[in-house]
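I am opening a notebook on a structure that is new to me, and I mean to write down what I look up in the order in which I look it up.

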Amino acid sequence: MKARRRLDIEFLLGAVGLAALFLASFLVPLLSPFDPLRGESSALLAPSGEHPFGTDNLGRDIFVRSFAALQLDFVLAIIAVTASLVIGSTIGALMGMWRNSWISRILTLFVDSVNAFPFIVLALGIVAVVGPSAPGVVAAIVLTGWARYARIARARALVVAGSDFVSASRLLGFGRARIIRRHVFPNVYAESLAFALSELVVVIIMIASLSFLGAGVRPPTAELGAMISEGRLYLTTAWWMTVIPGAILAITALCIQFVAEGYERMRKDV
Amino acid sequence: MKRLVSRARSNYWVVLVVRSLAVAFIVATVAFSILRLAPGDPVATILGDQATPEAVARLRSQLGLDGNLLQQYLAFIGGLFQGDLGVSVTSRVPVVTIIVNSIGPTLALIAVSSVIGFLVSVPLGLFLALRPRSVLTKSVNFVSTLSLSTPGFYLGLLALMLFAVALGIAPVAGYDPSFPGMLRYLWLPALVVCGQLIPVLSRVFRTSVQRTLGEEFTEAAIVRGIPRWRYYVHYLVRPSLAPTIALLGYVAGQLLSSAVMIEMVFGFPGIGTQLVRAVSTRDYPTVQGIVLVFGVFVVLITALSEAVSTRIDHRIGRETP
């Protein structure tokens, strides 16, 4: 029985907005006459026709810089979420399949402990060691985030492992490897994917937060959190340096959140 | 039968305590291993190429990096039991002293935020659950999604621009450790923390009220003609609080994360500010100690919240966690 999926307005709004932002983040830096890294105009110009978002303290165009930054954030967030999803779900699924082995028990405790740390605190700790850079941020987020997927995948794998179709495959004499590959993984990944969508919001904000704290992508590279941090000194004189990159970050996060919540609702309706 | 139940119950507490201790122990191990994850030698990274062998050896022992991995680990765990988390590399102050000196403002911030968060979230969640189709519910949902996806540090900067710079009714930065004085510095950051806290808490609470509404005893209460306030407080709020409290461990993690960010925005002399300073100066022992304290704190809250929710709601706790 295939139920009709009702597309809800928020999902649609989020998806369209997200697609537009994603496209813009690649097109604007390509088409703009300005360079995101080099100052080519006077410093701290207010938004105008030539510079729709104004210029920063080094005379760089904030319009092109914001979208270049958004592009970097998109790319880093997608890499980080995909890596955590694959690593975490695989480990979690295997933990669920061998739930009675002592390795699985210890891993469960380990996963709980990693999850006990506030996300940004552990990520900051890892960045302190691996160094503030784009790969450092991705490493910190993956090393922290995989455990959330592992917990969800383990719970899901426990359910799947106890289900009739797995018992049936076992009765048919299929090996463990085949059961895991054909039955457990697909079911676990479907569940984790929904979670990954809502994690994308958390991760994109996390990347910006780490960079805002100076423990992420470093200037002069354009990154939204780093731009907000650069603008802090000019909060009273040049509000556009902070407010505009922040607004772009918030709108992006809102669109992803709409998509994630809408997707969750549609999954429940079916 | 009665004996069986009581045995299951005492078993439950033993499992809870043992599991929490095990998790706390592994939390310490994770904090320990962060420094050892480093690609290359952290000592060389701090001192550079031109360091003398004596300086390298001294720093190595300050970081607890002398001896093999097992010796380092045993020394670290041994230190923990004596309340010794090492000495800051940059300020030569014991890490424990740094933590003790900076944890007060952070705890105050968390306490004020939690109080505001609960006072708003409980009625709000109740309303959202009881009036799911009203226009107001839809707009509250929209605002909470909006607030949830606005990064805390950005919200904090906007709040600073509005309340401190434009209106001048809040201090731009700083802190006052005396009691009524601290509230002057706390209210704005606490409100910003609530921008993330209230959407989460009110949704969690709404979901548990919805679940309670589906139970037979709520209907039975209405049929019996229970007074209205009694119905709300005893039949809806109290049973719904338990699942919310059980999730506090998760909420505490989020709360601490946003507190770290907000502290930086408001120039708040808390533990989050110390952590960020330690990260940027590569003060590894301090980073390690603060990360450890945060982790253990959440483990503690998780265990406490599970215990409290079991006490409030007698429906749970019959099976081991």
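At what angle do helix α6 (residues 135-149) of chain B and helix α8 (residues 179-213) of chain B pack, and how far apart are their axes? I note before answering that this is a predicted model.

**Entry: two helices in chain B**

I find that α6(B) and α8(B) pack at an angle of about 130 degrees, and that their axes are 8 Å apart. Angles from 115 up to 145 degrees fall in the oblique class, and α6(B) and α8(B) are therefore oblique to each other. I also looked up the hand of the crossing of α6(B) and α8(B), which is left-handed. On the α6(B) side I wrote down S144(B), S147(B) and L148(B) as the residues that make the contact, and on the α8(B) side G195(B), Q196(B), P199(B) and S202(B). Sorted by class, this contact of α6(B) with α8(B) has two nonpolar residues, five polar ones and no charged residues.

**Entry: chain B as a whole**

I then stepped back to the chain that holds this pair, and counted 13 helices and zero strands in chain B. Its pattern, read along the sequence, is accordingly written α-α-α-α-α-α-α-α-α-α-α-α-α. The C-alpha atoms of chain B fill a box of roughly 85 × 65 × 35 Å when the box is taken along the principal axes. Chain B has 321 residues, and buried residues make up 40% of them. I also asked how its contacts are spread along the sequence, and found that, of those with a separation of 6 or more, 73% are between residues 24 or more positions apart.

**Entry: two arginines with positive phi**

Most residues other than glycine have a negative phi, and with that in mind I looked up two exceptions. R92(B) is not a glycine, yet its phi is positive, at about 60 degrees. I place R92(B) in the loop between α4 (69-81) and α5 (95-130) of chain B. Is R92(B) buried or exposed? R92(B) has 8 other C-beta atoms within 10 Å, and because 12 or fewer is the cut-off, it is exposed.

R282(B) is not a glycine either, and has a positive phi of about 55 degrees. R282(B) lies in the loop between α12 (271-280) and α13 (284-312) of chain B. With 16 C-beta neighbours inside 10 Å, R282(B) counts as partly exposed.

**Entry: a cis bond and a buried serine in chain A**

Turning to chain A, I noted a cis peptide bond that joins P219(A) and P220(A), with omega at about 10 degrees. P220(A) is found in the loop between α7 and α8 (224-231) of chain A.

In helix α8 of chain A I looked up S229(A). S229(A) has 22 other C-beta atoms within 10 Å and is therefore buried. Leaving aside neighbours within four places in sequence, S229(A) is in contact with F212(A) and G214(A). I also checked S229(A) against A253(A): the two are 24 residues apart in sequence, and their C-alpha atoms are 18 Å apart in space.

For another pair I went to F26(A), which lies in helix α1 (residues 9-31) of chain A. The C-alpha atoms of F26(A) and A68(A) are separated by 7.3 Å, although the two residues are 42 residues apart along the chain. F26(A) counts as partly exposed, with 15 C-beta neighbours inside 10 Å.

**Entry: the core and the interface**

Which residues touch the most other members of the largest nonpolar core? I found A123(A), V127(A) and V27(B), in a core of 163 residues. Helix α2 (residues 62-97) of chain A gives the largest share of this core, 18 residues. Not counting residues up to four places away in sequence, A123(A) touches A140(A), I141(A), T144(A), M206(A) and L210(A).

My last lookup was where the chains meet, and there 40 residues of chain A are in contact with 40 residues of chain B. On the chain A side, the elements that give two or more residues are α3 (102-116), α4 (119-130), α7 (176-212) and α9 (240-269). The largest share of that side, 11 residues, comes from α4(A). By class, the chain A side divides into 29 nonpolar, eight polar and three charged residues.

Note on methods: Residues numbered from 1 in each chain as written. Chains lettered and ligands numbered in written order. Predicted model: local features only at pLDDT ≥ 70, side-chain atom pairs only at ≥ 80, totals over all residues. Core = buried A, V, L, I, M, F, W, Y, C linked by C-beta atoms within 7 Å. Buried ≥ 20, exposed ≤ 12 C-beta atoms within 10 Å, placed from the backbone. Helix = DSSP H or I, 4+ residues; strand = E, 2+ residues; numbered from the N terminus. Contact = placed C-beta atoms within 7 Å. Nonpolar A, V, L, I, M, F, W, Y, C, P; charged D, E, K, R; others polar. Axes fitted to C-alpha atoms, helices over the stretch in contact; angles between N-to-C directions. Parallel < 35°, antiparallel > 145°, perpendicular 65-115°, else oblique. Left-handed = near helix turned anticlockwise from the far one by under 90°.
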